[in-house]
Amino acid sequence: MAAAAASPVRAQTILDLADAAQGEAPILRALRVAAAVGEDPAALRDAPLGRLHAATLGFHTVLASPSLEAVVTCPSCASIVEFALDADSLRGVSGEATSGELTVPTDGGIWRVHWRVPTAGDLAEVAGRTDAAAALFARCCAVTGPGGEGTADAPADVVERIEATLADADPLAEVTVRLECPECSADVDADVDPIAFVWREVESRVQRVLRDVDALARAYGWTEAEVLALSEQRRAAYLEIVREGA
Ligand SMILES: [Zn+2]
């Protein structure tokens with residue numbers, strides 16, 4: 001059996017990342033992931049959320065592969081629909097403006113909205129709050145009603161226009177793919193959460209590293225620190241020897 005290609009991400013890096021992010025909100029984990037691939041977390045905090053998602057997708061590619069595979073349940077017939085996305089092509093998607101003015105005419109008059117796309121920092125600020133969505137909206141959108149009054153309460157059609165505008169401006173902030181159910185042909189929308197994808201890879205890599213440490217500790221009596229001090233190639237080579245001898 002051929003050994004798997006050694007990953008360019010060091011085992012120690014992955015363990016440190018997982019330890020540091022223990023119990024953290026996904027958005028904070030993603031900022032740690034970005035730092036692990038050499039991005040500046042402070043700059044990413046102030047950038048549109050999609051930038052952080054792109055950085056985490058980059059880490060997915062480095063850590064595992066560009067292929068994002070998942071399943072979603074068809075809402076019509078409850079079949080399981082499998083899908084796969086390419087992280088590298090997804091990563092290339094970006095919007096144009098990060099803020100702007102929106103005018104929405106309604107039967108009740110004209111609504112005006114000054115908007116900006118949410119940043120990773122905005123998400124981090126509202127993470128864990130029960131009113132996270134409303135708080136995020138208030139941070140990023142100033143809404144003026146037909147009478148010239150500032151308000152947090154816009155009608156549903158105005159909110160819909162704002163959401164569509166924000167989605168166009170930062171397409172990687174929320175990734176949804178439209179699929180067709182192979183059983184009943186219904187449209188199935190799948191939400192793709194880049195942070196969840198990359199974190200699953202981090203967790204599975206942690207498990208693999210711990211199994212590697214266990215195998216080499218048993219075979220050679222090495223400590224965890226000694227095993228982790230090996231280069232990825234060297235560790236893989238010893239593991240292959242151990243497995244061949246088993
Ligand atoms: Zn179906």
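Me: When is a residue buried?
Reply: Glad you asked, since this word comes up again below. Picture the C-beta atom of one residue, placed from the backbone, and count the other C-beta atoms within 10 Å of it. With 12 or fewer the residue is exposed, whereas for buried the count must be 20 or more.

Me: Which residues in α2 are buried?
Reply: Keep in mind that this model is predicted. Helix α2 spans residues 26-36, and what covers its buried residues includes α1 (11-20), α3, α4, α6 (120-126) and α9. The buried residues in α2 are I27, R29, A30, L31, V33, A34 and A36.

Me: Which residue with a positive phi follows α2?
Reply: Move along the chain past the end of the helix. The residue to look for has a phi near 90 degrees. That residue is G38.

Me: Which residues touch the most other members of the largest nonpolar core?
Reply: This core holds 49 residues. Helix α9 (residues 194-220) gives the most to it, with eight residues. The core also draws at least three residues from each of domain 1 (11-66 + 85-91 + 193-245) and domain 2 (99-169). The residues that touch the most other members are L52 and A120.

Me: Which residues are in contact with L52, leaving aside its neighbours within four places in sequence?
Reply: L52 is a good residue to follow here, being one of the two that touch the most other core members. Two of the buried residues of α2, A30 and L31, are among its partners. The full set is A30, L31, A34, L44, A47 and A120.

Me: At what angle do the axes of α4 and α9 cross?
Reply: Helix α4 covers residues 49-63, and its axis comes within 9 Å of that of α9. Where they meet, H53, T56, L57, F59, H60 and L63 in α4 face P194, I195, F197, V198, E201 and R205 in α9. The crossing is left-handed. Its angle is roughly 30 degrees.

Me: Which element gives the largest share of the side of domain 1 that touches domain 2?
Reply: The centres of the two domains, taken over C-alpha atoms, are 36 Å apart. Contact between them involves 11 residues of domain 1 and nine residues of domain 2. On the domain 1 side, the elements giving two or more residues are α2 (26-36), α3 (41-45) and α4. The largest share, three residues, comes from α2.

Me: Which strands stand at the edges of the open sheet?
Reply: Four strands make up this sheet in the order β3-β4-β5-β6, with antiparallel pairing. A strand at the edge has a single partner, so one side of it is left without a neighbour in the sheet. The edge strands are β3 (99-106) and β6 (150-151).

Me: Which residue of β6 stands opposite V143?
Reply: Strand β5 (residues 141-144) pairs with β6 in the antiparallel sense over two bridges. Follow V143 across to β6 and you arrive at T151.

Me: How many residues of β3 are buried?
Reply: β3 and β4 run antiparallel, joined by eight bridges, and they form a hairpin with two residues between them. Within this pair, P105 stands opposite I110 in β4. Still, β3 is hardly covered: among its eight residues, the count of buried ones is zero.

Me: Which residue of β2 stands opposite E69?
Reply: Strand β1 (residues 67-73) pairs with strand β2 (residues 80-86) over seven bridges, in the antiparallel sense. Their hairpin has six residues between the strands. Crossing from E69 to β2 brings you to A84.

Me: Is A78 buried or exposed?
Reply: A78 sits in the loop between β1 and β2, and its phi is positive, near 65 degrees, although it is not a glycine. Count its surroundings: 10 other C-beta atoms lie within 10 Å. The limit for this class is 12 or fewer, so A78 is exposed.

Me: Where does S185 lie?
Reply: S185 is a residue other than glycine with a positive phi, near 65 degrees. It has 11 C-beta neighbours inside 10 Å and so counts as exposed. S185 lies in the loop between β7 (175-180) and β8 (187-192).

How values were computed:
Residues are numbered from 1 along each chain as its sequence is written. This is a predicted model: local features need pLDDT of at least 70, side-chain atom pairs count only at pLDDT 80 or more; totals for chains, interfaces and linings use all residues. Two strands pair if DSSP finds at least two bridges between them. A nonpolar core is a set of buried Ala, Val, Leu, Ile, Met, Phe, Trp, Tyr and Cys residues joined through C-beta atoms within 7 Å. Domain bounds come from an automatic or database domain assignment. Two residues are in contact if their C-beta atoms, placed from the backbone, lie within 7 Å. Axes are lines fitted to C-alpha atoms, for helices over the stretch in contact, and angles run from 0 to 180 degrees between N-to-C directions. A crossing is left-handed if the near helix is turned anticlockwise from the far one by less than a right angle, and right-handed if clockwise.
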